[in-house]
Amino acid sequence: MDSRDHVDVIAFGAHPDDVELGAGATLAHCVADGLQVGIVDLTRGEMGTRGTPAIRAREARAAQHILGASFRRQLDFGDGQLRTGREEELAVIELIRRHTPSILLAPYPDDRHPDHTRTGQLITDTWFYAGLKNLDTEHAAHRPQAVIYYLQNYQFTPSLVVDVTGLWKKKMRAIAAYSSQFYNPKSKEPLTMIAQRSFVDMIEARGRHFGALIGADYGEAFVSKQPPRVEDLVAAFRGREVS
Ligand SMILES: [Zn+2]
């Protein structure tokens with residue numbers, strides 16, 4: 001795609017596959033609604049026990065196409081030591097200004113993996129800085145409407161849940177594209193926490209759990225520092241009760 005192309009949403013993750021696990025079905029939902037979506041991984045996942053950066057890049061590309069994202073960028077901020085200095089801030093600011101998204105998705109900035117925490121904070125900071133008119137970069141100032149945080153390891157009470165019932169299978173296919181990382185009985189690689197069958201089962205259960213909270217089959221949970229505007233109060237709560 002043209003590097004100046006507008007997208008409606010950019011989803012940021014620390015590692016390839018983070019975005020799919022936390023918000024893959026929501027991204028597919030946006031695409032199904034006719035929105036343009038971009039994905040940016042801040043590292044190449046080179047510290048992963050399984051796979052290699054080259055394998056993970058191929059898997060990430062396949063997952064991008066399954067979700068229907070317009071582009072995927074892989075930056076190199078350092079897996080397991082994610083850098084958040086001025087150079088990294090400016091790289092993210094330029095991406096935000098170039099693609100002028102309305103919404104940024106990011107990891108919740110308090111998580112078990114410090115790279116996730118740092119990514120969440122970096123995106124929060126650059127969301128604001130990107131809107132400063134006197135910060136001179138190649139592209140004009142642009143501040144998206146909001147940063148929305150997706151769930152990774154540490155739990156949170158969601159401020160919104162997206163009904164992703166019709167897109168859940170697509171999310172799980174995108175996750176399965178990372179065959180080096182997740183449950184694969186044929187793999188000869190060392191077993192990791194996320195490569196156990198129970199991890200994929202947990203993702204499925206989490207989708208069911210958040211779906212049940214909103215009266216849907218599947219949901220993905222997010223936190224927003226400011227509440228979303230609800231335009232149809234009745235529709236927002238439809239399906240929770242039987243009667
Ligand atoms: Zn991660």
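Two strands pair if DSSP finds at least two bridges between them, and the strands themselves, at least two residues of E, are DSSP runs numbered from the N terminus, as are the helices, at least four residues of H or I. In these terms, the bridge partner of Val-162 in β7 is Glu-220, and β6 and strand β7 (residues 219-224) pair in the antiparallel sense over four bridges. The model is predicted, so that local features need pLDDT of at least 70 and side-chain atom pairs count only at pLDDT 80 or more, while totals for chains, interfaces and linings use all residues. Residues are numbered from 1 along each chain as its sequence is written.

The pair just described belongs to an open sheet of seven strands with mixed pairing, whose order is β3-β2-β1-β4-β5-β7-β6. At the edges stand β3 (71-74) and β6 (160-163), each with a single partner strand, so one side of each is left without a neighbour in the sheet. On average, and with direction ignored, neighbouring strands of this sheet are turned by 25° against each other; axes here are lines fitted to C-alpha atoms, for helices over the stretch in contact, and angles run from 0 to 180 degrees between N-to-C directions. Elsewhere in the sheet, β1 and β2 run parallel and are joined by five bridges, and Ala-11 stands opposite Ile-39 in β2.

Strand β2 is mostly covered, since five of its five residues are buried, where buried requires 20 or more other C-beta atoms within 10 Å of a residue's own, exposed 12 or fewer, and partly exposed a count in between, with C-beta atoms placed from the backbone. Val-37, Ile-39 and Asp-41 point one way from β2, whereas Gly-38 and Val-40 point the other way, and all are buried.

The helices can be placed against this sheet. Helix α1 lies across β1 (9-13), β2 (37-41), β4 (103-107), β5 (146-150), β6 and β7, and runs at about 170° to β1. Helix α2 (residues 53-67) lies across β2 and β3, running at about 155° to β3.

Helices also pack against one another. α1 and helix α5 (residues 168-176) pack at an angle of about 135°, with their axes 8 Å apart, and they are therefore oblique to each other, given that angles under 35 degrees count as roughly parallel, over 145 as roughly antiparallel, 65 to 115 as roughly perpendicular and the rest as oblique. Their crossing is right-handed, a term that applies if the near helix is turned clockwise from the far one by less than a right angle, an anticlockwise turn being left-handed. In this packing Glu-20, Leu-21, Gly-24, Ala-25 and Ala-28 in α1 meet Trp-168, Lys-170, Lys-171, Ala-174 and Ile-175 in α5; two residues are in contact if their C-beta atoms, placed from the backbone, lie within 7 Å.

Helix α5 also packs with α2, at an angle of about 170° and with the axes 8 Å apart, which makes α2 roughly antiparallel to α5. The contact is made by Ala-63, Ile-66 and Leu-67 of α2 and Lys-170, Arg-173 and Ala-174 of α5. The axes of helix α3 (residues 86-99) and helix α4 (residues 114-129) come within 9 Å and cross at roughly 60°, so α3 is oblique to α4.

A nonpolar core, meaning a set of buried Ala, Val, Leu, Ile, Met, Phe, Trp, Tyr and Cys residues joined through C-beta atoms within 7 Å, can then be followed through the fold. Of the 57 residues in the largest nonpolar core, Val-9, Ala-11, Phe-12, Leu-27, Leu-104, Leu-105 and Ile-123 touch the most other members, and helix α1 (residues 18-32) gives the most to this core, with seven residues. Not counting residues up to four places away in sequence, Leu-104 touches Ile-10, Phe-12, Ile-123, Trp-127, Pro-144 and Val-147. Val-147, in turn, has its place in strand β5 and counts as buried, with 22 C-beta neighbours inside 10 Å. The C-alpha atoms of Val-147 and Ser-224, which are 77 residues apart along the chain, are separated by 6.8 Å.

Two loop residues deserve a separate look. Asp-17, in the loop between β1 and α1, has a phi near 95°, a positive value in a residue other than glycine, and counts as buried with 26 C-beta neighbours inside 10 Å. Thr-100, in the loop between α3 and β4, has a positive phi of about 40° although it is not a glycine, and is partly exposed, with 18 other C-beta atoms within 10 Å.
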